[in-house]
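Please work through the exercises below with the sequence and the coordinates at hand. Each task is followed by a solution in steps.

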There are 2 protein chains.
Amino acid sequence: MATEEINILPESYPMVGGDGPYSYAKHSTFSGGIVDATKGMVFAGIAEKLDLKSLGVYSSSTFQIADLGCSIGPNAFTAVQNIIETVEQKHLEAENQNHSTLEFQVFFNDHSNNDFNTLFKTLSPDRKYFASGVPGSFHNRLFPKSSLHIVHSSTALHWLSKVPKEITDSKSPAWNKGSIHCTGFVKEVATAYSAQFSNDFESFFNARAEEIVPGGLMLILIAIRPDGIPMSKNLEGIHYDFLGSCLYDLAKMGLISEEKVDSFNLPIYYPSLEEFETLIKRDANFSIERKNVFTNPLMHKAYCAEFWAGLLRAALESVFQQHFGSPHVVDQMFKYYSRELEQNISFIMEGKTHDRIELCIILKRN
Amino acid sequence: MATEEINILPESYPMVGGDGPYSYAKHSTFSGGIVDATKGMVFAGIAEKLDLKSLGVYSSSTFQIADLGCSIGPNAFTAVQNIIETVEQKHLEAENQNHSTLEFQVFFNDHSNNDFNTLFKTLSPDRKYFASGVPGSFHNRLFPKSSLHIVHSSTALHWLSKVPKEITDSKSPAWNKGSIHCTGFVKEVATAYSAQFSNDFESFFNARAEEIVPGGLMLILIAIRPDGIPMSKNLEGIHYDFLGSCLYDLAKMGLISEEKVDSFNLPIYYPSLEEFETLIKRDANFSIERKNVFTNPLMHKAYCAEFWAGLLRAALESVFQQHFGSPHVVDQMFKYYSRELEQNISFIMEGKTHDRIELCIILKRN
């Protein structure tokens, strides 16, 4: 195998581990809504598009599933359980049996600084599969050739392998001064983010093309922007803008320097539907089998400021931590953000012109 | 697959995690000596006994290796590296090639409360294999049927799945009052320990028989007692006896109750060579291909009391922790043990009549 593929160590920012008040385990219900909402799509997609015979899966075979970017919450377990139930049912029908003799091996993947200890301790003792954790970036190879039957990845592909270099360069027209993400309002910044996403997408898809058996499926859940709508008009973008303005407030108070804030950017990008589809269509190894665009059913619950602050902290704390250093500064920052958010929650929610939109796409390895 | 096999949750006592002063990572050199000493045996055993063609391993295959009871230290990485180098060389010779195209997938297994986070963070970025962590007891099934080519287990099989029930029962003739391990001097206690080891051995071997492909190898390193020599006459047993007498001293000081010490026993058993071989010969699924009995080359280094105390604490802290509860008590206990050991080190080392003896055995799945 190509050793250099393993040598690339991309930036990695795990969700907050453990089960403390700021942990992802305590703030993963929103993402859970997405997994729950796609249960029917996943069921229909597998039932219709997976051909066990052509995969060579018979009575005493092992069926191998990988969840990429699993983090630690219960969502990965739910997603995998949904897949297993569907494959098992399909297998029973195909073999005309009452009791499935298929064995399932499931690989939970995330960066090596993900809290696998918590993941492993919370695996259900009643699970009907052999569990395994795979540390490493999904932008590289993680598994042997043609070893996986289904790959699943939920709410993870928006993480870039790094912040595009040019947006932190004060001499570049793409310098992203005054913002911490891809607002969508500065063309050069948007181009740089989009190019990085495209590169990462290619790495991800090339690796999966090697690992998934021909006829195997890839189920991807990713938040997208409606075509033509800039990020700052979406709920997520509005939160990021507000988070950015809080950082500049803290700089004015002297807690951090303005230069430090200027050089901070989120390694996150939400492509538009068109952009994402164009990238997939360019890839000759996979074909689109099903596609559903939907809104998280939990989107319209009247969540309070505390909820949003908790969710953003669980997901983003480590990004801030790595850039700003001291845990004390990061703690102060999130507390300030939480307080400010509380006072401005209606203003923020009213400023939103578009919901966060989810894409569930099912691909087949040709 | 049989769900009930996964449901059994045996007692589990991980090595001390992290990289702190009491961590196994800092106290694994002694076990490392055993792994290093067997490099030649492993090399010769694989070179002579592994038949890649009959395993169906060709140019673009995946070769699957599991290390059972891996803990967190670097020893598991060294052992796996030794195996991979040997298989790779054998493959090159068989295929008459200069560059191996075999891909290796390695599964590191230990209990789900093992510190996998540390294990994953210390994986070499230059490794030439796909790494994976598998949480669970090796007394149960951990892998799909016929999925492994080589299983390795070093200094792990002496851990029992539980303390034999009767030795903690004050009404049983096997009550182990006054000792914390199988000294070898009370017949009923020795019988109870031996029976538990035999049960656990059977569970381990039945699970592996399902998981290893026919023709696949199992390499086991385990400390054994010379035939007819009781445990209390070995270095390890002398340490356990001394540890036990320290516990009774602490009870006299009022730090813990005597009843609490009476009910404490180490879930550890070192079989005699004859006992171990009899168990293997009873198992029709495996045949003995090679066998080497040796002493750890590091055995005769003049280690100080601090070294032994560190080693025993790294390996046993969690057993004491689970029984005696408070981390403060366990910390006090090991500090007392360390101090006492320092004052008695010559006495202890002189009392030793036998070295700890290691067995390296190579088995083939029929």
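The exercises treat confidence, symmetry, helices, buried residues and backbone angles in turn.

**Conventions**

This is a predicted model, in which local features need pLDDT of at least 70 and side-chain atom pairs count only at pLDDT 80 or more, while totals for chains, interfaces and linings use all residues. Residues are numbered from 1 along each chain as its sequence is written, chains are lettered from A and ligands numbered from 1 in the order in which they are written, and side-chain values use heavy atoms, with hydrogens and water left out.

**Exercise 1. State the confidence of the prediction for chain A and for the complex.**

Step 1. pLDDT is the predictor's confidence in each residue, from 0 to 100. Chain A has an average pLDDT of 91, and 97% of the residues score at least 70.

Step 2. Over residues 1-9 of chain A the pLDDT stays under 50. For that stretch the model has 18 contacts beyond four places in sequence, a contact being heavy atoms within 4.5 Å.

Step 3. For the complex, the predictor gives an ipTM of 0.93 and a pTM of 0.94.

**Exercise 2. Determine how chain A and chain B are related.**

Step 1. Copies are superposed by least squares on the C-alpha atoms of residues with pLDDT of at least 70 in both. A turn of 180 degrees with a shift of 0.0 Å along the axis lays chain A on chain B with an RMSD of 0.0 Å.

Step 2. The two copies are therefore related as by a two-fold rotation axis.

Step 3. In chain A, A:G133 has the C-alpha nearest the axis, 2.4 Å from it.

Step 4. Both copies use the same surface, since 100% of the contact residues of chain A recur in chain B.

**Exercise 3. Characterise the packing of helix 2 against helix 5 in chain A.**

Step 1. Helices (H or I, at least four residues) and strands (E, at least two) are DSSP runs, numbered from the N terminus. Helix 2 of chain A covers residues 29-37 and helix 5 of chain A covers residues 75-95.

Step 2. The two helices pack at an angle of about 5 degrees, with their axes 9 Å apart. Axes are lines fitted to C-alpha atoms, for helices over the stretch in contact, and angles run from 0 to 180 degrees between N-to-C directions.

Step 3. Helix 2 of chain A is therefore roughly parallel to helix 5 of chain A; angles under 35 degrees count as roughly parallel.

Step 4. A:S31, A:G32, A:V35 and A:D36 in helix 2 meet A:N75, A:T78, A:A79 and A:N82 in helix 5.

**Exercise 4. Check the length of helix 8 in chain A and describe its surroundings.**

Step 1. The expected span of a helix is 1.5 Å times one less than its number of residues. For the 18 residues of helix 8 (residues 235-252) of chain A this should be 26 Å, and the end C-alpha atoms are 26 Å apart, which agrees.

Step 2. In helix 8 of chain A, 14 of the 18 residues are buried, that is, under 20% relative accessible area (exposed means over 50%; 1.4 Å probe, protein chains only).

Step 3. A:E236 is part of helix 8 of chain A and counts as buried at 16% relative accessibility. Leaving out residues up to four places away in sequence, A:E236 touches A:M231, A:Y270 and A:R356.

Step 4. After helix 8 of chain A comes A:G254, with a positive phi near 90 degrees.

**Exercise 5. Which residues does A:I220 touch beyond four places in sequence?**

Step 1. A:I220 lies in strand 5 (residues 212-224) of chain A and is buried, at 0% relative accessibility.

Step 2. The residues touched by A:I220 are A:S153, A:L157, A:F204, A:F205, A:F276, A:L359, A:C360, A:I361 and A:L363.

Step 3. The C-alpha atoms of A:I220 and A:I362 are separated by 6.5 Å, although these residues are 142 residues apart along the chain.

**Exercise 6. Is A:N96 buried or exposed, and what is the sign of its phi?**

Step 1. A:N96 sits in the loop between helix 5 and strand 2 (103-110) of chain A.

Step 2. With a relative accessible area of 73%, A:N96 is exposed.

Step 3. Phi of A:N96 is positive, near 55 degrees. Most residues other than glycine have a negative phi.

Step 4. In chain B, B:N96 likewise has a positive phi of about 55 degrees, and B:N96 counts as exposed at 71% relative accessibility.

Note on methods
Angles under 35 degrees count as roughly parallel, over 145 as roughly antiparallel, 65 to 115 as roughly perpendicular and the rest as oblique.
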